[in-house]
Amino acid sequence: MKSKMLVKTFVGILFMVILGCQAFPVWYVNKSGGGFVDTGVSPASVGLEDYVVAGAGYFLESYADTLLFMKKLEVGGENSLKDADTALLLEAALKNMEQAHKTYLELKRLADITPYNTAVADALIKFNYDGFQAAYSIDDRMFDRVRETLGKGDIRAVYGLIITDAETIIKRLNQVKSQVDAGAFPSTWDVWQLDRAYSDSARFGQYVSRIFDALNSTVNQ
């Protein structure tokens, strides 16, 4: 019974992740591209948001693969390593996160040469972060990262943080993958750290998206 419940839970999470990725681009630092302006030389501001959405897709796909990997370990235990798909899930998760990292590097490169939309930057600085946090009962150190970056109107710093997050996740993935490739059941501590790295970054990205969504109705982006 417990195993069936776990399977249903992970399938539900995976469904929401994939559906969210395909249907509603709002899960991971979305709309932040509107914090920049088009210089008239190139469609930079449009390109920025395109990179945001593409990167979010890779991130979510990687997390989904990792959750399925964790499900296999949970349900199958030691026997899960006999299934070739177990290792393939880690390989897919790593490839998708590497693609996310490349996408965010390009996003940051474009952001560094594109001027800020001053109206958006000012709105971010003046935004009532305490009120927002209280209204949604957010008690999370990841929200402090949002306040420290967006509270200064520094969207580029947000992009820098998600690059660092992607690098951390890639490192964690390689740690777990090396154990599985060697035929060993991975350290539960290493898998926990991997999941935490995903979860922390996902929450940070969602908070950023929610802040921009809250600004969307009041600032012309």
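Here are some numbered notes on the fold, the core, the ring pairs and a few loop residues of this predicted model.

1. Overall fold. The protein chain has eight helices and zero strands, so reading from the N terminus you get α-α-α-α-α-α-α-α. Of its 221 residues, 46% count as buried. Looking at contacts with a separation of 6 or more, 79% come from residues 24 or more positions apart.

2. Surface. About 11000 Å² of the protein chain is exposed, and carbon and sulfur atoms supply 56% of that.

3. The core. The largest nonpolar core holds 56 residues, and F59 and L150 have the most contacts inside it. Two or more residues come from each of helix 2 (44-76), helix 3 (84-112), helix 4 (118-126), helix 5 (129-135), helix 6 (141-150), helix 7 (155-181) and helix 8 (188-216). As background, nonpolar side chains tend to be buried together in soluble globular proteins.

4. L150 up close. If you click on one core residue, try this one. Leaving aside residues up to four places away in sequence, L150 touches L124, I125, Y129, I155, V158, V208, I211 and F212.

5. L67. This leucine is found in helix 2. L67 counts as buried because its relative accessibility is 8%, and the cut-off for buried is under 20%. L67 and L90 are 23 residues apart along the chain, with 9.8 Å between their C-alpha atoms.

6. Helices 7 and 8. Helix 7 has 27 residues and reaches 39 Å from its first C-alpha to its last, close to the 39 Å expected at 1.5 Å a residue. Just after helix 7, G183 takes a positive phi of about 85°. Helix 8 has 29 residues, which should span 42 Å at 1.5 Å a residue; its end C-alpha atoms are 42 Å apart, so the two values agree. At the N-terminal end of helix 8, S187 acts as a cap, with a side-chain oxygen 3.2 Å from the backbone nitrogen of W189.

7. Aromatic pairs. A search of the whole structure turns up 13 of them. One is F36 with Y159, a stacked pair at 6.2 Å centre to centre with 20° between the planes. This pair links distant parts of the chain: F36 sits in the loop between helix 1 (2-23) and helix 2, Y159 sits in helix 7, and they are 123 residues apart. Both F36 and Y159 are buried.

8. An edge-to-face pair. F143 and Y207 pair edge-to-face, 5.6 Å centre to centre and with 80° between the planes. Here too the pair links distant parts of the chain, with F143 in helix 6 and Y207 in helix 8, 64 residues apart. Both F143 and Y207 are buried. These two also belong to a cluster in which ring pairs link F127, Y129, F132, Y136, F143 and Y207.

9. Positive phi in the loop. Have a look at V29 and K31. V29 is in the loop between helix 1 and helix 2, and its phi is near 50°, a positive value in a residue other than glycine. Is V29 buried or exposed? V29 counts as buried because its relative accessibility is 0%. K31 is found in the loop between helix 1 and helix 2; the phi of K31 is near 75°, again a positive value in a residue other than glycine. With 26% relative accessibility, K31 therefore counts as partly exposed.

Technical notes: Residues numbered from 1 in each chain as written. Predicted model: local features only at pLDDT ≥ 70, side-chain atom pairs only at ≥ 80, totals over all residues. Heavy atoms only, no water. Helix = DSSP H or I, 4+ residues; strand = E, 2+ residues; numbered from the N terminus. Buried < 20%, exposed > 50% of the residue type's maximum accessible area, 1.4 Å probe, protein only. Contact = heavy atoms within 4.5 Å. Areas by Shrake-Rupley, 256 points an atom, 1.4 Å probe, with all protein chains shown as cover. Core = buried A, V, L, I, M, F, W, Y, C linked by side-chain atoms within 4.5 Å. Expected span 1.5 Å × (residues − 1). Polar contact = N/O pair within 3.5 Å; in protein donor to acceptor, adjacent residues only side chain to side chain. Phe/Tyr/Trp six-rings, centres within 6.5 Å; stacked < 30°, edge-to-face > 60°.
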